[in-house]
Structures are given as C-alpha cells and as structure tokens.
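Reader: Please set out on what grounds the structural terms are applied to this model.

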Amino acid sequence: MTQRVAVIDYGMGNLHSVASALEHAGALEVTVTHDHEAITNADRVVFPGVGGIRDCMEAIRGLGCDQLLEQAITVERKPVLAICVGMQSLMTASEENGGIACLNQVPGEVTFFGNPHRGSDGTRLKVPHMGWNQVVQKRTHPLWAGIESGTHFYFVHSYHVVPKDPDLVVGTFDYGLSGCAALARDNVFATQFHPEKSHQAGLTLLKNFLSWDGTC
Amino acid sequence: MALAKRIIPCLDVDRGRVVKGVNFVGIRDAGDPVEIARRYNEEGADEITFLDITASHEERDTTVQTVEQIAREVFIPLTVGGGIRALQDIRTMLNAGADKVSINTAAIHDPNLVSAAAARFGSQCIVVAIDVKRVSEPGSLPRYELFTHGGRKPTGIEAVAWAKKMAALGAGELLLTSMDRDGTRDGFELTITREITDSVDIPVIASGGVGTLQHLADGVTQGGADAVLAASIFHFGEYTVREAKQFMVSEGIPMRL
C-alpha cells in the first residue's frame, strides 16, 4: 500500500511535528497542504489542530478545508486521522469561545471540563488537562494494534468531545470524568491526545494509521 | 488511572551547546543538545525544556536550527525558553518545532504579551516562567518576590499575586524557579511551590535545587507540583530519568513508565 499522506494545513500553527512523526513512522511522502488536488492525490489524510476553536473554524471554512474533509471522508472514503482540535472540529458544536458551530461530521458536542473541575474524591483538578494520561481501549481497532489498553498518551486540552453515539468511543481517559480519548467511525479515527507527541505509543498508532485500509 | 506527574529534564544551551556540564556514559559529544535530548527521550522523559541562555541576538539562529533538529526526532513535548520577547519570537520557535514557549522577563515588562500570545497561539503553548526569591526575614511571614537577570535584579512583584495574574491572562502553565535554591542541590523551595500550586488552576512545574530523587518526589507530594524540572542530577549521570520515575512510583506518585 502506498503511504502518501496529506496533512491538512489551515494556517493555525506548527504542523511540522505531525509531518515529521508521520515520516518517522514510515510515510513515503507527507504533504502539508490545503490544496484540493494534493488531497485528492493523497491516499490518506491527517487533520490536526491547535488553538482556539473559533479561529480554527474560521480558517477551516475560509480555506475551504470543510469541503476538503467532506470530500476525503464521504466521497473518496479515505482513511482520515483527526487530532485534538481537528477531532473537536468534526463535532456538531463546541462550547468554547461562547459557542461555535463545527463541521457536524460526527454528531455530538465539545464541552468544557468545568471551573473548578473536581475529581470523584473532591480534589481540584487543573485545567487544561495537560500531560500523560492512560487510554483505556473500549474495543479493538486496527489503530490500536500493538498498543496495550492503559498505555499513556500526551494530552493538552480544556474541552473534550461527547459524541451523540457513545458506541463511537474507542478509547477513554479518566480525569474527573470518563472522557473520549479516541473515537472511530468507518474510515475516520480521531484522537483527543497527540500521537505525534506520545513517544513510542504515538508512533505505533501513526504506523498503524499508515497501513490502515479505512475499515474497522 | 490518573494523570501522570511529569519529569522534565532541562537543557541550558549557550550558542548551540549544552552548558552546566553533561556527563553521560557512551555519549559521543557531551555538549550536543540534539544528542542529549535524544538520550533523555530514550530514557522516558515526559517533556524536554530547552533554555536558551545565549547572550546575543545574532546567535539565536543557532537555537532555531537546534530546535528544528530536536523536533525532527524527539516525539515528546518540547518547551523553548530564553529570549522570547515578542509574538514573532514565539511564532519562530513554534515553527521550528517547539510545542510550548516559556516567557519570563518579557512578561514582567509587558504582561499583555501573555494575553496576546495566548489569544494568538492558544494557552496550551504559553508557559510563564517565574523566578522568585524569599525576601522576608527568617521567622516572619514568608514573602517571595520576582527577580530577573538570574536572580540579581529585584522587581518588587509579589509571587503569588503574579502567578494568579499570569493564569488570568491566559498562561497555560507556570514554571516556578526558586533562585535561592537554583544550583544548591538542597531541594525545591516547597513553601512557595505549595502556595502557588494551591492558588492557580493551571499546572505548575517546580524547578530549582534538585539534588536527590527524594527532592523530585517532595516537589509533587509536598509542593503539589504537576511536573518537576531538573538539570544537573541528570546531566552528570547520577541518575537516569527512568530511575527517577521508578523512585517516584515507589513513593506512590502516578508516573508514565
């Protein structure tokens, strides 16, 4: 299988770490782009994201990346990996920045942890949820191959996704609540954590993505 | 199941070379930050902090190149600090591959830099470094103030109020260094660490004074820190990062092993 990856660039921060992690994981060719043709030519797509949701959604729509995603996910049915704010952008709406409509590719909401945010024993938990937390796998998936349930991944976020269909959740984290660490639907896999910053476990997940045929 | 506490080795880099001495067995070049970052990454470091102490602006290009090289092969979060004065400096470092930047003196001169940076790049990548010294007499109520220029220049700014202000302006994390303890190997200044971790809702990294593995554990269990930063105990090869993490686990602290 060829491994030509398009990393969707909507000008919201550094995508080099995603690109170099994909190269490290064995991608033949990684293109950081928002060009329609480049994305059509790629055989898989990564949709990263950092920063505030309002600016992200403005940039995504302004550059036509919403159409690119629609094309990749629904029309061409390519394997798509969405990361962090990329994952959040796929949902229906986010509470961040006073409430922002998102792409509605995956029905569901993006909600704030709360301030103060407390654990089940009443202890105060810092927000953002920043650092390495364990991801419990809810079901098998090709992208979990070679990764044990309970492995640590690197998170940094203050909002988390709640998909309408709870069966889409393939991994959870525990941080005062059981949150969605990863979701999967057909050819889409999305992570709240950053595989590109999660050392060996993250590289394994990216390697799995590169050989994934988009079914599960 | 809990969020792990973090161990962050710190590289002090001057003109592209790690200073403060690094003494690894089997390392080819003790001063090469890329090679040292790679080593810490292999040992299980949770993040790496790269502190640029280069005096002159002209030599900053070396730093950018070094950050690029590290980011190409080390897939854990990388924080870059030192000489960050403007939004453009942040953009440059993030483009080079840094995940976070640490702002220190520039935040004192212009606190709005923190809010502008958080609005532009997101709070998740804005760390505010706070260098403090105890200014109260022994026996009196402890008071800590911010100092600049490596602890030589007082600012009169009270530390806890400043920490709260930085959090309110959008800092995503605080890097708290006790200038009284830095380099002493006497352990973290736990009083101010605890006071600040209890006062803000964002994560706090404790720094300054680590001489033993017990000190690292104390920073978390007594200081309440979310992460602990150390340089010399790792540089001189006394302990590996993995040994430090194993010790912390034996103290009941959740860690990623």
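Author: What covers the buried residues of helix 7 of chain B includes strand 6 (126-134), strand 7 (144-148), helix 6 (159-169), strand 9 (173-178), strand 10 (204-207) and helix 8 (213-221) of chain B. The model is predicted: local features need pLDDT of at least 70, side-chain atom pairs count only at pLDDT 80 or more, and totals for chains, interfaces and linings use all residues. Residues are numbered from 1 along each chain as its sequence is written, with chains lettered from A and ligands numbered from 1 in the order in which they are written.

Reader: Which residues of helix 7 of chain B are called buried?

Author: A residue is buried if 20 or more other C-beta atoms, placed from the backbone, lie within 10 Å of its own. In helix 7 (residues 190-199) of chain B, Leu190(B), Ile192(B), Thr193(B), Ile196(B) and Thr197(B) meet this criterion.

Reader: Why are they placed on the same side of helix 7 of chain B?

Author: The arc is taken from the directions from the helix axis to the C-beta atoms. These residues cover an arc of only 165 degrees, and therefore lie on the same side of helix 7 of chain B.

Reader: What makes strand 6 and strand 12 of chain A edge strands?

Author: Two strands pair if DSSP finds at least two bridges between them. In chain A, an open sheet of four strands has the order 6-5-7-12, with mixed pairing. Strand 6 (100-101) and strand 12 (159-163) of chain A each pair on one side only, as edge strands. Strand 12 of chain A is joined to strand 7 (residues 108-112) of chain A by five bridges, and the two run antiparallel. One bridge partner in strand 12 of chain A is Tyr159(A), opposite Phe112(A).

How values were computed
Buried ≥ 20, exposed ≤ 12 C-beta atoms within 10 Å, placed from the backbone. Contact = placed C-beta atoms within 7 Å.
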